[in-house]
Amino acid sequence: MRIIIIVFVGLVLFSGNRPGEKKIFKLSERQKQEGWYLKPVGNYMAKLMHPVYGYIKYVSLTAPEMHLDKLSKQTIQTIDLRDADTSLYSGMFVKKDFFPASGISGYPVQIGDFNHNNQLDFYGSYKWKQDYRLADGCVVEFENDSEFVLKKIYGDTLIEPLPFTDLNKDGFKEINFRQNRKFAQLRSTTIDSFPDSISFTYNMWPAGGGEVGAETLVDLDKDGNMDMIYVGDDTLEPAGKHKIFVAEYNKDIDNFEQKFRYFPEDYTTYGYSYGDFDNDGFYEFVTGSIHGDVYIFENSGNDQYGLINKDTLSTSNAYLTVATNDIDSNGKTEFFVGGSSYFNGIGGTRFYWFEADGDNSYTKVRSFFILGVDPLSWDEIHTFDVNNDGKDDILINYTYSVVILTWNNETQEFEIYYLSHWDHPVEGVTMYDLNNNSKLDFFISVKENENIPPLRTYYFKNKISTSITNQSTFLPIQFQLFQNYPNPFNIRTLIKFVTKQPVIITLSIFNILGKEVRTLIKNKAYRPGEHTVNWAGKDNKGKEVSTGLYIYVLSDGKQTISRKMLFIK
């Protein structure tokens, strides 16, 4: 007979070990101060709870024991945020303003023109003062390209902002919220008014009081009607258990109706990514579970879905998943699944990179760790093309950190493009080109109990020079630029490039704000072949530059290629 002992002491949970697993889960001091707590649920699991929001997520208390230094360096990368210098990225996005519409619990604020007056609007959660009442919803407008103005406040416990839609195809944007365990949609009564009344609600847990979430809106079966994937329950057996659903909007009843349900073997799943990953003309969608199981479903026709593949990861709480647009240029769309846990006692996330290797068949290509984050938090993952290279970059927001990763196809590794740490909980993150200048700005929602309003979204303007990020993709490639070596460096570094035909080029170095600090080559003719140049970390006046991130740019006047390097004194 096996005996399992669970002890709830302070805010640390310990329990009996499974083979190869270890459990040391505790809340951070900041979470304790805010009243977060862990509520045991069965063996090896707990509910992460918040005093205002209530349920955040289920967490597995099992952490796989592994020696990170013994893992394969060819297929496994470790990105450690604990020693990363955030000052290297501080000038990339500059804080300009804040407004009272906020993301919440990982759901980011939503952005669009919702009263059709050609001015940008933001909707999200609204809370004017810190208390133990639930938040409301609101709309803020960016007026005259200069200031954020609160336009509308909704009651009815409209809390988590969901993506906007036009389900009935009348040309009016509908805004959507989670209302307790329901999907709630609001519509405009006139084309120049904000959505002002709930048109319908869809109950995602009609049987009782369970947890719902991960609402993902996409036309999965490509029939012109919006589908919604979500976690919830229905009145069918087994009752009171988390299930995976697909519901489709039906215009005749003006509501969603359930089309697919699946009861996973694991206790709960969360998060969805989707795409035609095996290029067979049908969408797949992917989710991960509390104990690291991965479920892959495929649409096979109108309202037809089925499980086609299942895998298991060496991590728990595998709730983070996202698809990218062939970032390694091998002709295959990737998807990632990751879970946050403790690895050798260090809080972090392990991600797995999946690709199709046949029809309905998938393989794990590689994995990578992000260390130095709190696994007991809400965390969300998104994709944006932040550096304008045509490839998706990965944005992850943890409760107290925001990080952007870019894939370097030359080194076959992810690089930190941006990193910031926060003293207050980050409730949600998104990006949008607010100034219509082809540069994505940051919108980071936080909860600051000591301020009014405590829920707020900060607008950070993108200050990265487009002259060092835009690259031509329409002309034949005349030259190649390789990653400098060594990188990082503190004495000198070698930059290699290859020309494929006679060409006149310029090689310059810029700081992260786009200011040129050194010209290494200026309008010099090169024959076809391999060429190298050294840089000793000095500017055009011979003065040593400051520690920081620099971009070196190779150009012939028609095409430009840039790469990043790190100089450390």
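Colleague: Let's start with S38. How many bridges join S38 to strand S39, and which way do they run?

Modeller: In this predicted model, strand S39 (residues 493–499) is joined to S38 by 3 bridges, and the two run antiparallel.

Colleague: Which residue in S39 does Gln480 stand opposite?

Modeller: That's Val498. Gln480 itself lies in strand S38.

Colleague: What else does Gln480 touch, not counting residues up to four places away in sequence?

Modeller: Besides Val498, Gln480 touches Lys496, Phe497, Lys500, Leu554 and Ile561. As for Ile561, it sits 81 residues from Gln480 along the chain, with 7.7 Å between the C-alpha atoms.

Colleague: And how does Gln480 count in terms of accessibility?

Modeller: Gln480 counts as partly exposed, because its relative accessibility is 30%, and the buried class ends at 20%.

Colleague: OK, what's the order of the open sheet with S38 in it?

Modeller: S38-S39-S42, so to speak: 3 strands with antiparallel pairing. Strand S38 (479–481) and strand S42 (529–535) are the edge strands, each pairing on one side only. From one strand to the next, the twist averages 20°.

Colleague: There's an open sheet of 4 strands too. What's the order there?

Modeller: That one goes S10-S37-S36-S35, again with antiparallel pairing. Strand S10 (93–99) and strand S35 (426–432) each have a single partner strand, so one side of each lacks a neighbour in the sheet. Neighbouring strands here are turned by 25° against each other on average, ignoring direction.

Colleague: How many bridges do S35 and S36 pair over?

Modeller: S35 and strand S36 (residues 441–447) pair over 6 bridges, in the antiparallel sense. One pair to look at is Thr430 with its bridge partner Phe443 in S36.

Colleague: Switching topic: which residues touch the most other members in the largest nonpolar core?

Modeller: Phe414 and Phe442, out of 49 residues in that core. At least three residues come from each of domain 1 (208–376) and domain 2 (480–567).

Colleague: What is Phe414 in contact with, leaving aside neighbours within four places in sequence?

Modeller: Quite a list: Gln77, Ile79, Ile327, Phe336, Trp353, Phe368, Ile394, Leu405, Thr406 and Trp407. There's also a second, separate core of 35 residues, which includes Met45, Tyr58, Ala214 and Phe297.

Colleague: Now S20. Is it enclosed or not, and why?

Modeller: Strand S20 (residues 227–232) is largely enclosed by the rest of the structure, because 6 of its 6 residues are buried. Both faces are covered: one side has Asp227, Ile229 and Val231, the other has Met228, Tyr230 and Gly232.

Colleague: Which strands does S20 pair with?

Modeller: Strand S19 (residues 213–218) pairs with S20 over 4 bridges in the antiparallel sense, and Leu217 has Met228 as its bridge partner. Strand S21 (residues 243–250) also runs antiparallel to S20, joined by 6 bridges. There, Tyr230 is partnered by Phe245.

Colleague: Last thing, confidence. What's the average pLDDT of the chain?

Modeller: The chain averages 86, and 89% of the residues score at least 70.

Colleague: Where does pLDDT stay under 50?

Modeller: Over residues 1–21, for which the model has 53 contacts beyond four places in sequence. Residues 468–476 are also below 50, and that stretch has 22 contacts beyond near neighbours in sequence.

Colleague: How should predicted coordinates be read where pLDDT is low?

Modeller: Not in detail.

Methods: Residues are numbered from 1 along each chain as its sequence is written. This is a predicted model: local features need pLDDT of at least 70, side-chain atom pairs count only at pLDDT 80 or more; totals for chains, interfaces and linings use all residues. Side-chain values use heavy atoms; hydrogens and water are left out. Two strands pair if DSSP finds at least two bridges between them. Axes are lines fitted to C-alpha atoms, for helices over the stretch in contact, and angles run from 0 to 180 degrees between N-to-C directions. A nonpolar core is a set of buried Ala, Val, Leu, Ile, Met, Phe, Trp, Tyr and Cys residues joined through side-chain atoms within 4.5 Å. Buried means under 20% relative accessible area, exposed over 50%, partly exposed in between (1.4 Å probe, protein chains only). Domain bounds come from an automatic or database domain assignment. Contact means heavy atoms within 4.5 Å. pLDDT is the predictor's confidence in each residue, from 0 to 100.
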